[in-house]
Amino acid sequence: MEERKCVCGMNYIPSTELVVKKTIIKKPLFEVIDIHGHFGSLILGDDYENLYETAQIVDILKSYNIRHIINLDGFWGEKLDRVLKKTHPFNDYIITFGGVDISRLDEPDFGRYVRETLEESKKKGIRGIKVWKNVSLVMKDKHGRKIPIDDDRLKVIWETAAKLDLIILIHIADPIAFFKPIDKYNERYDELHERPDWSFYRDEYFGFWQLMEMQERLLENNPDTTFIVAHGGSCSENLEYVGKCLDRFSNMYIDFAERISEFGRQPYTSRKFFIKYQDRILFGTDFNPLNIDYEANFRFLETWDEYFDYSCKPKPPHGNWKIYGIGLDDNVLKKIYHLNAEKILKI
Ligand SMILES: [Zn+2]
């Protein structure tokens, strides 16, 4: 028998006795554009080229009715060339987003560097820019100070993006529980116990709501730039808040990458939210070639199934709970699966 320790949920993976409908969806009702994927070094490490065969992965993606996927690991310069080489000859299918080296922020010609890099990367085919959470959480400027995401010095990135018609996909913050003490009251205790490095509960970090204030100012101060705020707009635990932001900022879109665990545990609220904001939500999974995990996403969007796993992994990776489907209608599904992405990526 499987070992089950009873220490604050550690190694405790109860199997439900509930007998309810189980819908298996291998192919979603409509074609999908997955806005949030990783084909390069960010998740897979520097040896990523040896970890998968691009043609084989594209075949698997097509079997799930994925029409396009966005690779957020373009970076810039030689790193961009490398990943485009790896995804060749599928660079129409795998659409790459690039970036700029924000650690060069204090260099006197940072503005020129940003403009030149983005222009050059656009010529190579990038369609957007990925900005990661390390900017507001980890990076420091030359004075050793944290870099708020709404820092004036970064404005050249948002302005150049708008000028070059590049979308920004931005990851700010992390689940709220990662900003709280790792104790018996923390709803993500298991994850944080296993990965204490995911915790941002220390004075050296901005607090969660400080980050949200910066996020709001970023959206407000750059109305001509289109932002996809990843992971449910950074705050899928509080959809009333995300909805208010979507109401205020017409340049804001969200994806639900790695967050059906959050959306799916509040199915009544989520269903209303997905219907109300059906033009602003993009399908995204945080795909990487070693982590292909689509079926629960389709089941969450399309069915009324109850109390099911949000991932095919044996242990729930994002919160020790189950989710419920929100049974969206076809016209809403179509927008979320691909129409919204088509619109903002101009596909
Ligand atoms: Zn990601």
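# A tour from I228 outward

Start by selecting I228: leaving out residues up to four places away in sequence, I228 touches I35, I167, L169, Y253, I254, D255 and L282. The model on screen is a predicted one.

**The cores**

Next, widen the selection to the largest nonpolar core, which has 82 residues. I168, L169, I170, F227, I228 and V229 have the most contacts inside this core. Helix α8, residues 208-221, gives the most to this core, with 5 residues. There is also a second, separate core of 5 residues, and L137, A177, F178 and F200 are among them.

**The whole chain**

Zoom out to the full protein chain. The chain contains 14 helices and 8 strands. Along the principal axes, its C-alpha atoms fill a box of roughly 65 × 45 × 45 Å. For 347 residues, a compact globule would have a radius of gyration near 20 Å, and the chain has 20 Å, which agrees. Buried residues make up 42% of the 347 residues. Of the contacts with a separation of 6 or more, 74% are between residues 24 or more positions apart.

**The sheet**

Now show only the strands. They form an open sheet of 8 strands, in the order β1-β2-β3-β4-β5-β6-β7-β8, with parallel pairing. Which strands stand at the edges? They are β1 and β8 (281-282); each has a single partner strand, so one side of each is left without a neighbour in the sheet.

Walk across the sheet from β1, residues 32-37. Although β1 stands at an edge, 6 of its 6 residues are buried, so β1 is largely enclosed by the rest of the structure. Strand β1 runs parallel to β2, and 4 bridges join the two. To see one of these pairings, select I33 and its bridge partner in β2, H68.

Move on to β2, residues 66-71, where 5 of the 6 residues are buried. On its other pairing, β2 is joined to β3 by 3 bridges, and these two strands also run parallel. Select I70 here; its bridge partner in β3 is I95.

From β3, continue to β4, residues 128-131. These two strands pair in the parallel sense over 2 bridges. For this step, select G98 together with its bridge partner in β4, I129.

**Helix α4**

Select residues 110-124, which are helix α4. At 1.5 Å a residue, its 15 residues should span 21 Å, and the end C-alpha atoms are 21 Å apart, which agrees.

Colour V114, T117, L118 and S121, which are buried in α4. How are the buried residues placed when seen down the axis of α4? They fall within an arc of 95°, so they line one face of the helix. To find what covers these buried residues, show the surrounding elements, including α3 (77-87), β3 (94-98) and α6 (155-164). Then turn to the face of α4 directed away from its buried side, which carries the exposed residues R112, E119 and K123. Finish with G125, just after α4, which takes a positive phi of about 120°.

**Two loop residues**

Go to Y294, in the loop between β8 and α13 (295-302). Is Y294 buried or exposed? Y294 has 23 C-beta neighbours inside 10 Å, against a threshold of 20 or more, so it counts as buried. Leaving out residues up to four places away in sequence, Y294 touches Y64 and T285. For a distance across the model, pick the C-alpha atoms of Y294 and H171: these residues are 123 residues apart along the chain, and the atoms are separated by 21 Å.

The last stop is P317, in the loop between α13 and α14 (330-345). P317 has 16 C-beta neighbours inside 10 Å, so it counts as partly exposed. Select E258 as well: P317 and E258 are 59 residues apart along the chain, and their C-alpha atoms are separated by 9.3 Å.

Terms used:
Residues are numbered from 1 along each chain as its sequence is written. This is a predicted model: local features need pLDDT of at least 70, side-chain atom pairs count only at pLDDT 80 or more; totals for chains, interfaces and linings use all residues. A nonpolar core is a set of buried Ala, Val, Leu, Ile, Met, Phe, Trp, Tyr and Cys residues joined through C-beta atoms within 7 Å. A residue is buried if 20 or more other C-beta atoms lie within 10 Å of its own, exposed if 12 or fewer, and partly exposed in between; C-beta atoms are placed from the backbone. Two residues are in contact if their C-beta atoms, placed from the backbone, lie within 7 Å. The expected span of a helix is 1.5 Å times one less than its number of residues. The arc is that of the directions from the helix axis to the C-beta atoms. Two strands pair if DSSP finds at least two bridges between them. The radius of gyration is taken over C-alpha atoms; the globule rule is 2.2 Å times the number of residues to the power 0.38.
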